[in-house]
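Subject: Structure for you to look at

Hello,

Please find the structure below. My notes on what was found in it follow, so have it open while you read.

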Amino acid sequence: MTTLILTVAGSDRPGLVAAVADIVDAHGGNWESSQLAELAGVFAGVIQVSVASEREADLQAALRDLDGLLTVSVHTGADAASAPERPITLQVLGNDRPGIVREVSAVLRAHELSIQDMITQTRDAAMAGGRLFEATVAATVPAAVDLGALRADLERLTAELQVDITLE
């Protein structure tokens with residue numbers, strides 16, 4: 001079996017998920033995991049499918065036929081690294097401003113963390129007015145990473161960005 005990662009995007013309308021699912025099923029593929037969302041009128045997502053190696057090329061060709069309905073990019077999945085890792089969760093909350101994701105991701109990169117899942121949103125601040133930025137990041141940390149140094153860098157960042165960052 002081959003693992004494929006599909007990225008899809010197109011103008012939101014009914015039937016987009018069904019169109020992709022029909023093609024995956026017609027080629028003997030298995031829809032394993034996905035994250036799909038509508039953002040500002042655009043449907044976007046990432047889908048992990050598995051398919052028999054001998055059917056991969058036909059599946060990819062059929063997905064190209066969705067052009068005009070959805071833009072689909074196909075990437076071949078890689079085997080996961082076997083180095084020991086620890087999971088962590090990071091919560092960020094504060095007044096919205098440009099650069100928060102850039103700054104937080106720079107600290108994570110500096111400590112060799114790999115982001116597995118990241119959800120961000122902005123919303124109106126109920127009492128204070130303005131916009132709030134929220135993020136939840138699930139990452140893996142190599143066993144050799146100094147968590148104390150990571151915490152220190154995140155604490156420095158909370159002061160610079162004036163946001164709350166919680167590391168679990």
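The centres of domain 1 and domain 2, taken over C-alpha atoms, are separated by 30 Å. This is a predicted model. According to the domain assignment of the chain, domain 1 covers 2-76 and domain 2 covers 85-167.

Start with the sheet that contains β1. Which strands form this open sheet, and in what order? There are four, arranged β2-β3-β1-β4, and their pairing is antiparallel. At the edges stand β2 (30-39) and β4 (71-76); each has a single partner strand, so one side of each is left without a neighbour in the sheet. From one strand to the next, the twist averages 15°.

To see one pairing in detail, look at β1 (residues 2-11) and β4. The two run antiparallel and are joined by six bridges. For threonine 7, the bridge partner in β4 is serine 73.

Two helices go with this sheet. Helix α2 (residues 56-64) packs on the sheet and touches β1, β3 and β4. The direction of α2 makes about 0° with that of β1. Helix α1 (residues 16-26) lies across β1, β2 and β3 (42-51), and runs at about 160° to β2.

Now go to the sheet that contains β5. This open sheet has four strands in the order β6-β7-β5-β8, with antiparallel pairing. Which strands are at its edges? They are β6 (114-124) and β8 (163-167), each of which pairs on one side only. On average, neighbouring strands of this sheet are turned by 10° against each other, direction ignored.

The pairing to look at here is β6 with β7 (residues 131-142). How many bridges join them? Ten do, and the two strands run antiparallel. One residue to find is aspartate 124, whose bridge partner in β7 is arginine 131.

This sheet also has helices against it. Helix α3 (residues 100-110) packs on the sheet and touches β5 (85-95), β6, β7 and β8. The direction of α3 makes about 155° with that of β5. Helix α4 (residues 147-161) lies across β5, β7 and β8. Relative to β8, α4 runs at about 165°.

If you want a route through the model, trace the strand order β2-β3-β1-β4, then the order β6-β7-β5-β8, and place the helices afterwards.

Regards

Definitions and conventions. Residues numbered from 1 in each chain as written. Predicted model: local features only at pLDDT ≥ 70, side-chain atom pairs only at ≥ 80, totals over all residues. Heavy atoms only, no water. Pairing = 2+ DSSP bridges. Axes fitted to C-alpha atoms, helices over the stretch in contact; angles between N-to-C directions. Contact = heavy atoms within 4.5 Å. Domains from an automatic or database assignment.
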